[in-house]
Amino acid sequence: MALLPLCGHAEARRRLAAAIQSDRLPQVLLIEGPEGVGRQRLGLWLAQLIFCQEPGAEPCGRCRPCRLVQELSHPDLHWFIPVPRPKAGEPDKQVDEAAELIGQVIAERRGAPLYGPPEGLAIHGIASVRLLQRRAALTSVEGGPKVFVVGHAERLVPQESSQEAANALLKLLEEPTADTRFVLTATDARRLLPTIRSRVVPLRLGRLADAEVRGFLREHLSPAPAPAELEERVRLADGCIGLALGGAEAVAKAREAAADFVDAVLEGRERLMERVLKQGAFAARGDFSAMLDALAELLGEAARAATNEPTRLPLRGGLGRPRPVGRLLDAQRHVARAREAAAGNVNPQLLLGVLGDDLARCL
């Protein structure tokens, strides 16, 4: 089954096409925007335009390279997706396992192109970074450019007791070969490692119009939803098709858990410890990571409110009261460090307790 058409983002597509035509496309691009808005799909669209034999404002869709991209089978397109940490012990076997895991996800998306977000604990770990290095060093199969799309780049976890892979990745992004393009995607550039952030050219995507979401769902969902269900999905999507495809409920649950945690922090240490003890030590860690992501989002909304910027999400309880923007940004930094630690072998209960104390000092 081929990729479904890219929906919306006309201005971003126009700018990217113009950059290719003028030979000014950055070698390392970051596409950022809300979860489910189509960041990775735009990255694949860009790869198709780069490979296209008759490029214009859009890929022609008829030539062999275009068809290969649409089928996710172009040999010089490398789509890196967060996967669970490999279980193998030897580094080479870990790389092979990471390649197999990524291949399985690509095969699933080839068969079912309407997909949801990755698991909460899925990461780009050392094995994936080494696999990326290995593929970047190869000569292109088709004799043209190579394109690497790294989805959810905020899940890059290069440390894992070794800086070797991190340093190699940074060098790769800083000095890519002339025939290589990297397209990273993330919800927010600030959640990337600073050293990686300094090497990318950002492109921000806005939310889609409800009419665009509605039209896409009406055309591509099977079976077609009843009118009332369709309108509810459009409402929950909030301009992001990915949320309309099943991620909205999980996002709402994570936001509720994040708001409850903030309330526990503000109500005092006794209430905070009650909340910490309810956190399973190692169970439901995907939900735990999703809660940290939602917490960073809510703190960002509170920071916007503090600077009199319009907010998209309602801020209830403690976050609904005005707070100095500097303290909110400090709180975001603590959450970012906790999210990074959560990808490792750290007890979530312990991590939540430390984070709660840090946030209590900020908020």
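**Cores and contacts in a predicted model**

Me: Which helix is L170 in?
Reply: Keep in mind that we're looking at a predicted model. Find residues 164–174 and you'll have the right stretch, with L170 placed inside it. That stretch is helix α6.

Me: Is L170 buried or exposed?
Reply: Its relative accessibility comes out at 13%. The cut-off for buried is under 20%. Because L170 has 13%, it counts as buried.

Me: How far apart in space are L170 and R199, C-alpha to C-alpha?
Reply: In sequence these two are 29 residues apart. Still, L170 touches R199, along with T195 and I196, once residues up to four places away are set aside. From C-alpha to C-alpha, L170 and R199 are 8.2 Å apart.

Me: Which helix gives the largest nonpolar core its largest share?
Reply: That core has 57 residues, and L16, L42, L46, L77, V147, L184 and I196 have the most contacts inside it. Eight of the core's residues come from one helix, spanning residues 39–51. That's helix α2.

Me: How many residues are in the second, separate core?
Reply: Look for V276, A294, L313 and A331, which are among its members. This second core is separate and has 31 residues.

Me: Which residues is Q332 in contact with, leaving aside neighbours within four places in sequence?
Reply: Start with helix α13, residues 325–342, where Q332 is found. Q332 has a relative accessible area of 16%, so it's buried. With those sequence neighbours left out, its contacts are R190, A296, L299 and G300.

Terms used. Residues are numbered from 1 along each chain as its sequence is written. This is a predicted model: local features need pLDDT of at least 70, side-chain atom pairs count only at pLDDT 80 or more; totals for chains, interfaces and linings use all residues. Side-chain values use heavy atoms; hydrogens and water are left out. Helices (H or I, at least four residues) and strands (E, at least two) are DSSP runs, numbered from the N terminus. Buried means under 20% relative accessible area, exposed over 50%, partly exposed in between (1.4 Å probe, protein chains only). Contact means heavy atoms within 4.5 Å. A nonpolar core is a set of buried Ala, Val, Leu, Ile, Met, Phe, Trp, Tyr and Cys residues joined through side-chain atoms within 4.5 Å.
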